[in-house]
Amino acid sequence: MFENFKVFETEYAGRKISFETGKMCALSNGSCLVRYGETTVLCNVTASKRPRDGIDFFPLSVDYEEKLYSVGKIPGSFLKREGRPSDKAILASRCVDRPIRPLFPKDMRNDCSVVMTVMSVDSDCSPELAGMLGTSFAIAISDIPWNGPISGVNMGIVDGKIVINPDAEQRKVSQMVTTVVSTDQKIVMIESGANEIDDDTMLEAILMGHEENKKMVEFIKGVAAEIGKPKFEFESQEVDHDMFEAIKEFAIDRVKAALDTDDKNERDTNLAPIVDDIHAKFDEQYPEKTAMIDECIYKLQKFIVRRWLLDEGKRVDGRGIDEIRPLNAQVGLIPRVHGSGMFTRGQTQVLTIATLGQLRDAQILDGIDGEENKRYMHQYNFPSYSVGETKPSRGPGRREIGHGALAERALEPVLPSVDEFPYAMRLVSEVLSSNGSTSQGSICGSTLALMDAGVPIKAPVAGISCGLITEGDRWMTMVDIQGLEDFFGDMDFKVGGTHKGITAIQMDLKIDGLTPEIVKEAFAKTHAARDYILNDIMLPVISAPREELSEYAPKMISIQIPVDKIREVIGSGGKVIQKICADCNVKIDIDDDGKVFVSSINMADCRRAIQVIETIAIDPEVGAIYKGKVTRIMNFGAFVEIAPGKEGLCHISKLENNRVEKVEDVVSVGDEIVVMVTEIDQQGRINLSRKDAIAKLEEKKKAQQN
């Protein structure tokens, strides 16, 4: 029945991978089922037969669909079906979109859709990589014009050695996760999270990944040569050459003068009348191509900016090629929040707010990779006013999620462990003004906010971007690109890191790839720039995390109790733990491994609750002092509860130093008194002494005074 069904197998970083085509999805332009270990991903690519009218970009959509059946889960929603994509699915989509997009013809306007459906997940074999390779395979054998194929690998460092495509156990201990995507000639994308990895090691890993990718690219090329369809002819939307030359001659001097300023608002104001004059002159001259006039204006600006950079070494705002815009850092701007930091770079400004919470406030994840919660969350908001526009807010898009994840990845390696700092942390970066590199501004602002909040980070992190202009074999890089240089340049190479090394990379390209020399120079320039930002701008403002948390932040103490004592601390129906929370004005979380987290606005309340929990979980010892409550009074003494469910007798002779006639003369039911454990008999009964506890406390007080 399936005459065209074929299976192509090869080795991929030491494991077998296969691509099946010709059985499923016969109506797609290109399709394959990827099997990598037991990870199975269905990849489809389709394209419209005609271009979309009235647009000046290539309309590509890339979707990575996580199906919970792939890991044997039923969705937890009321509808019991997958809803909107998770953040991780969106990030996976972006990781495929970014390397394939520059390889499509720039003048094609046919809608193109890529869909990767994850059907089965083997934790040792990345479904994201399987989806990327399947997409490359599907486009390569399709009739859609494309200058691929590509291949991608994950690079890790385990026990000091670089590892290609680490398995699940290796990923747990790896010092980095770096995705390297390339053609057979050039590197087209880098995405990385790393534990302060030095530039040389990172470059070595990237080049090693590139060499591995060449093998897969050659394999896919061979398959495409065997079964690939002829590429279809498309209606080119290339700008009319004569029109462009006419507009260039008419307006180039005025556009140059308008662009020659470091103020984005002034630049936009200067350009507005020139744009009107161009339309007034050329709309009638080219009545059938009026939509291309704006493209010509864009192309003219791009031509001017690139000529300035390549031929004159001149930047729009007059800076040197490796000069950073004016910088400013501030902390503690917002009252009552737990921490705040604002970072300004030229006209780019980001304010980040830090909020600390209990571990129960960690984000619950319902995905396919086994990660169930996340205690550190970074969110990035890009309101329309930040670029002087009036669009309504509609929640975060893919760009916002991607930028938030980049800043989150950059700071994760320097965060304290749960044992060191038992808090959930949410950082929100509000972009107040945008003229390039807001994601890197959010990395700097987040470092400031964390330190202002008193989070004991291991080292401050800064972020900076590097741009690129290419022309044939000529190329040049510049540090700290602003919006215009991003729009008209060929690369936005973002690097976050500490003095010691790299913690995050995100590379966006508009060309067909980078050479190793360009990557090496970008690393050198971004390292020097972030050292300057840290030393000269951020650390003079706040040199170390604050020693105390904000008065408005919850205070947290954690202890470890025996697992077999958890039930006693919780009590029947939760009565004991609820009583501790009510009496001490605290909140308590207990993990299955016996880790107990107590939080309150008041540290004294936390300590009181901890003392109660320890009394329950740890058997009382002779000589230990407790603060207990009188529960019953008898002729011979008072019964005192030193912890929920733990009661002892304070004999009448142990209430005071002098003789006591009646117990009621000293204590009443409900009184809180200090007592010392003097004896625990063979039946587990506890004998207490108030007079010995008072004597011991007074003795301690005198010793401290001396």
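Here is a short back-and-forth about this predicted model.

Me: Let's start wide. How many helices and strands does the protein chain have?
Reply: The C-alpha trace spans about 115 × 65 × 45 Å along its principal axes, and 53% of the 706 residues count as buried. The secondary structure of the chain comes to 15 helices and 29 strands.

Me: And what distance separates the centres of domain 1 and domain 4?
Reply: The chain is divided into domain 1 (6–227), domain 2 (241–312), domain 3 (327–538), domain 4 (554–618) and domain 5 (621–705). Taken over C-alpha atoms, the centres of domain 1 and domain 4 are separated by 47 Å.

Me: Of the contacts between residues at least 6 apart in sequence, what share joins residues at least 24 apart?
Reply: We're looking at contacts within the protein chain, and leaving out pairs that are not at least 6 apart in sequence. Among those that remain, the share joining residues at least 24 apart is 69%.

Me: Now the sheet that holds β1 to β6. Which strands stand at its edges?
Reply: The sheet is open, has 6 strands with mixed pairing, and its order is β1-β2-β3-β4-β6-β5. An edge strand has a single partner, so one side of it is left without a neighbour in the sheet. That fits the two strands β1 (6–12) and β5 (60–66).

Me: By how much are neighbouring strands of that sheet turned against each other on average?
Reply: This is the open, mixed sheet with the order β1-β2-β3-β4-β6-β5. Ignoring direction, its neighbouring strands are turned on average by 20°.

Me: What is the bridge partner of R35 in β4?
Reply: Strand β3 (residues 30–36) and strand β4 (residues 39–51) run antiparallel and are joined by 7 bridges. In β4, R35 has as its bridge partner T40.

Me: Which helix packs on this sheet and touches β1, β2, β3, β4, β5 and β6?
Reply: Helix α1 (residues 87–100) lies across β5 and β6, running at about 145° to β5. The helix touching β1, β2 (15–21), β3, β4, β5 and β6 has a direction that makes about 40° with that of β4, and it is α2 (residues 127–141).

Me: Staying with β6: is S113 buried or partly exposed?
Reply: S113 lies in strand β6 (residues 110–120) and touches N44, V45, T46 and S61, leaving aside residues up to four places away in sequence. Buried would need under 20% relative accessible area. S113 has 21%, so it is partly exposed.

Me: How far is S113 from E568 in space?
Reply: In sequence, the two are 455 residues apart. From C-alpha to C-alpha, the separation of S113 and E568 is 57 Å.

Me: Between which domains does the largest nonpolar core lie?
Reply: This core has 81 residues, of which I100, F104, F493 and L514 touch the most other members. Two domains both give residues to the core, so it lies between domain 1 (6–227) and domain 3 (327–538).

Me: How many residues are in the other core, the one with A354?
Reply: It lies apart from the largest core, and A407, V414 and V461 are also among its members. Its residues number 43.

Me: Over to the sheet with β22. Which strand pairs with β22 over 6 bridges?
Reply: The sheet is open, with 3 strands in the order β22-β24-β23 and antiparallel pairing. β22 (555–560) and β23 (587–590) stand at the edges, each with a single partner strand. One bridge partnership is M556 with S599, and the strand that pairs with β22 over 6 bridges is β24 (residues 595–600).

Me: Which helix packs on that sheet?
Reply: The helix touches β22, β23 and β24, and its direction makes about 15° with that of β22. It is α14 (residues 603–617).

Me: Why is the sulfur of C606 not bonded to that of C584?
Reply: A search of the whole structure finds 0 disulfides. C606 counts as buried, at 0% relative accessibility. A disulfide needs the two sulfur atoms within 2.5 Å, and the closest cysteine sulfur to that of C606, in C584, is too far for a bond because the gap is 9.4 Å.

Notes
Residues are numbered from 1 along each chain as its sequence is written. This is a predicted model: local features need pLDDT of at least 70, side-chain atom pairs count only at pLDDT 80 or more; totals for chains, interfaces and linings use all residues. Side-chain values use heavy atoms; hydrogens and water are left out. Domain bounds come from an automatic or database domain assignment. Buried means under 20% relative accessible area, exposed over 50%, partly exposed in between (1.4 Å probe, protein chains only). Two strands pair if DSSP finds at least two bridges between them. Helices (H or I, at least four residues) and strands (E, at least two) are DSSP runs, numbered from the N terminus. Contact means heavy atoms within 4.5 Å. Axes are lines fitted to C-alpha atoms, for helices over the stretch in contact, and angles run from 0 to 180 degrees between N-to-C directions. A nonpolar core is a set of buried Ala, Val, Leu, Ile, Met, Phe, Trp, Tyr and Cys residues joined through side-chain atoms within 4.5 Å.
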